[in-house]
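Work through the exercises below with the structure open. Try each task before reading its solution.

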Amino acid sequence: MEREVIFKRCLALRCPQCGEGRLFQSYSKLQEECPVCELRYRREPGAMTGAMYLSAVITEILAAMLCAALFLLTDWSVKTGLMVGVPVVAAFALLSYPRTVALWVAIEYWTDLKNGAPWAKPR
Ligand SMILES: [Zn+2]
């Protein structure tokens with residue numbers, strides 16, 4: 001299975017293995033396993049730590065870019081910059097969280113396939 005297919009399926013919030021089962025049972029709660037092909041999304045405690053780091057890195061990159069843009073492109077005070085920037089970064093973090101978790105599921109599944117893990121059976 002091609003890496004592109006795995007990542008496309010996950011970014012559409014679908015199972016990386018079958019492409020049919022939903023990844024999430026609610027907005028940000030990942031299912032334990034795929035309801036269609038039974039691929040376990042959470043195989044071990046702490047498996048989603050990588051997703052938290054990925055989300056933090058992506059959000060911090062956005063925050064740094066926003067700080068630079070506000071500093072370079074506006075003559076706003078620090079207070080005004082914070083009043084605009086903090087809600088934007090917080091909203092981005094909330095809105096992007098499901099996609100970063102899905103991206104982490106794709107990375108794990110793709111590496112499992114590369115390593116020949118017995119539970120990864122492409123369909
Ligand atoms: Zn599935």
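The exercises cover helix packing, the nonpolar core and a few single residues.

This is a predicted model, in which local features need pLDDT of at least 70, side-chain atom pairs count only at pLDDT 80 or more, and totals for chains, interfaces and linings use all residues. Residues are numbered from 1 along each chain as its sequence is written.

**Exercise 1. Describe how α1 packs against α3.**

Step 1. Helices (H or I, at least four residues) and strands (E, at least two) are DSSP runs, numbered from the N terminus.

Step 2. Two packed helices are described by the angle between their axes and the distance between the axes. Axes are lines fitted to C-alpha atoms, for helices over the stretch in contact, and angles run from 0 to 180 degrees between N-to-C directions.

Step 3. The axes of α1 and α3 cross at roughly 150° and come within 8 Å. That makes α1 roughly antiparallel to α3. The classes are: under 35 degrees roughly parallel, over 145 roughly antiparallel, 65 to 115 roughly perpendicular, and the rest oblique.

Step 4. The crossing of α1 past α3 is right-handed. A crossing is right-handed if the near helix is turned clockwise from the far one by less than a right angle, and left-handed if anticlockwise.

Step 5. On the α1 side the contact is made by Arg3, Ile6, Phe7, Cys10 and Leu11, and on the α3 side by Arg99, Ala102, Leu103, Val105, Ala106, Tyr109 and Trp110. Two residues are in contact if their C-beta atoms, placed from the backbone, lie within 7 Å.

Step 6. By class, these residues are 10 nonpolar, no polar and two charged. Here Ala, Val, Leu, Ile, Met, Phe, Trp, Tyr, Cys and Pro count as nonpolar, Asp, Glu, Lys and Arg as charged, and the others, Gly among them, as polar.

**Exercise 2. Do the same for α2 and α3.**

Step 1. The axes of α2 and α3 are 8 Å apart, and the angle is about 150°. The two helices are therefore roughly antiparallel to each other.

Step 2. α2 and α3 cross in a right-handed way.

Step 3. Residues making the contact include Gly50, Ala51, Leu54 and Ser55 of α2, and Thr100, Val101, Leu103 and Trp104 of α3.

Step 4. The contact of α2 with α3 has 16 nonpolar and seven polar residues, and no charged ones.

**Exercise 3. Which elements give two or more residues to the largest nonpolar core?**

Step 1. A nonpolar core is a set of buried Ala, Val, Leu, Ile, Met, Phe, Trp, Tyr and Cys residues joined through C-beta atoms within 7 Å.

Step 2. The largest such core has 15 residues, and those with the most contacts inside it are Cys10, Leu23, Tyr41, Val101, Ala102, Val105 and Ala106. The elements asked for are α1 (3-11) and α3 (78-114). With six residues, α3 gives the most.

Step 3. Leaving out residues up to four places away in sequence, Ala102 touches Cys10, Leu11, Leu13 and Leu23.

**Exercise 4. Classify Ala51, Ala56 and Leu13 as buried, partly exposed or exposed.**

Step 1. A residue is buried if 20 or more other C-beta atoms lie within 10 Å of its own, exposed if 12 or fewer, and partly exposed in between; C-beta atoms are placed from the backbone.

Step 2. Ala51 is in helix α2 (residues 49-73). Ala51 has 20 C-beta neighbours inside 10 Å, so it counts as buried. The C-alpha atoms of Ala51 and Trp104 are 5.3 Å apart, although 53 residues separate them along the chain.

Step 3. Ala56 also lies in helix α2. Ala56 is exposed, with 12 other C-beta atoms within 10 Å.

Step 4. Leu13 is in the loop between α1 and α2. With 15 other C-beta atoms within 10 Å, Leu13 is partly exposed. Leu13 is not a glycine, yet its phi is positive, near 65°.
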